[in-house]
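Biologist: I am new to this structure and would be grateful for a close look at a single part of it. Please begin with a buried polar side chain and what surrounds it, and then set that part within the chain as a whole.

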Amino acid sequence: NNIPLNANDQETSQLVIQLRDNTKIEIQTSTSKDVYNKLVELQFQNPKAMVKFSLTFPILNNIDLRNIYLLPRVCTTNNFLKDMQFQILYRYIPTNYLLRKMNKIDSMRCSFCHLHIESIPHLFFHCVHVRGLWAHAQNVVNNLNSTQIKLKCEDVIFGYGFQGKEWLKNKFLNNVILYVKYFIYNCRLNGNEVSRESLKRWVGNRAILDTSIDVLYGIL
């Protein structure tokens, strides 16, 4: 209702839609899909979860966040991984920090180290019990692809190369990241140890049902 229509009286009459951000669309030269995409882009707003994440990761203020939501859909066909990743992105994955705020438990302490608050960044990256997993996964992928990738916390939480289109070239690495996070999450839920050996056993059990991680099991 707030989008005015302007007709430009020129030698060739044109019908133009002017959007609230002052973008103009020429109806005669645009397809219905072009108009729809512009309207969707106009309505796109950063989810509240990403606004909160941006306090920890300022880089989120300067990039197109839609790549972050597209990445898990493209890098894996495993619906359990996708579901976990979207729980992370929307910040409703049940960490002790969230459960304590909901008055479900008495402590926010990490289930592994019992020292720090179990936030999403801590649980999946900063905890001393999981850091070794990421060093191992990083070395495995670097040796396999002859690369020098160094994973940071934001790469683990949102996916490697999420800042642009680099993730399209690193689907295997992002699949590894998703599986390692899923392993960490399962250990957290079931009270199991977190180690390279238990990760290899865990992946091996799942490789029977998910042939996409046969290669991952072979190199861990």
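Modeller: A polar contact is a pair of N or O atoms within 3.5 Å; within protein, one atom must be able to donate a hydrogen and the other to accept it, and residues adjacent in sequence count only if both atoms are side-chain atoms. With that term in hand, we may turn to Ser198, keeping in mind that the model is predicted.

Ser198 lies in helix H10, which covers residues 196–207. The side chain of Ser198 makes a polar contact of 2.9 Å with the side chain of Ser195. A polar atom of the Ser198 side chain also lies 3.5 Å from the backbone oxygen of Glu193. Beyond its neighbours within four places in sequence, Ser198 is in contact with Phe183 and Glu193. Is Ser198 buried or exposed? Its relative accessibility is 8%, and residues under 20% count as buried, so Ser198 is buried.

Helix H10 has 12 residues, and the distance from its first C-alpha to its last is 16 Å, close to the 16 Å expected at 1.5 Å a residue. Ser198 shares its buried state with Leu199, Trp202, Val203, Gly204 and Ala207 of H10. A general point helps in reading such a list. An α-helix has 3.6 residues a turn, so residues three or four places apart point the same way.

Helix H2, residues 48–56, shows how buried residues can be arranged around a helix. Its buried residues are Ala49, Met50, Phe53 and Ser54. Seen down the axis of H2, these residues fall within an arc of 140 degrees, so they line one face of the helix. Lys48 and Leu55, on the other side of H2, are exposed. The cover over the buried residues of H2 includes helix H3 (66–75) as well as H4, H6 and H8.

A second buried polar residue is worth setting beside Ser198. Asn96 is placed in helix H5. Its relative accessibility is 9%, so Asn96 also counts as buried. The side chains of Asn96 and Arg188 are joined by a polar contact of 3.0 Å. Setting aside neighbours within four places in sequence, the residues in contact with Asn96 are Ile105, Ser107, Met108, Arg109, Cys110, Ser111, Glu118 and Arg188.

Cys110, one of those contacts of Asn96, leads to the cysteines. How many disulfides does the chain have? With a disulfide taken as two cysteine sulfur atoms within 2.5 Å, the count is zero. Cys110 is in no disulfide, and the nearest cysteine sulfur to its own, that of Cys113, is 3.8 Å away. Cys127 is likewise in no disulfide; the nearest cysteine sulfur in its case is that of Cys110, at 3.8 Å. Cys110 is buried, with a relative accessible area of 1%, and Cys127 is buried at 0%.

The loops offer a contrast to these buried sites. Thr147 is located in the loop between helix H7 (128–145) and helix H8 (153–158). With a relative accessible area of 26%, Thr147 is partly exposed. It touches Val141 and Asn142, apart from residues up to four places away in sequence. The side chains of Thr147 and Asn142 make a polar contact of 2.7 Å.

Two further loop residues stand out by their backbone angles. Most residues other than glycine have a negative phi. Arg91, however, has a positive phi of about 60 degrees although it is not a glycine. Arg91 sits in the loop between helix H4 (79–89) and helix H5 (96–101), and it is partly exposed at 30% relative accessible area. Asn103 also has a positive phi, near 60 degrees. Asn103 lies in the loop between H5 and helix H6 (120–126), and at 62% relative accessibility it counts as exposed.

Finally, the chain as a whole. It has 11 helices and three strands, and from the N terminus on the strands come before the helices. Of its 220 residues, 43% are buried. Among contacts with a separation of 6 or more, 46% are between residues 24 or more positions apart. The accessible surface of the chain is about 13,000 Å², and 50% of that belongs to carbon and sulfur atoms.

Note on methods:
Residues are numbered from 1 along each chain as its sequence is written. This is a predicted model: local features need pLDDT of at least 70, side-chain atom pairs count only at pLDDT 80 or more; totals for chains, interfaces and linings use all residues. Side-chain values use heavy atoms; hydrogens and water are left out. Helices (H or I, at least four residues) and strands (E, at least two) are DSSP runs, numbered from the N terminus. Buried means under 20% relative accessible area, exposed over 50%, partly exposed in between (1.4 Å probe, protein chains only). Contact means heavy atoms within 4.5 Å. The arc is that of the directions from the helix axis to the C-beta atoms. The expected span of a helix is 1.5 Å times one less than its number of residues. Accessible areas come from the Shrake-Rupley method with a 1.4 Å probe; for residues, only the protein chains shown count as cover.
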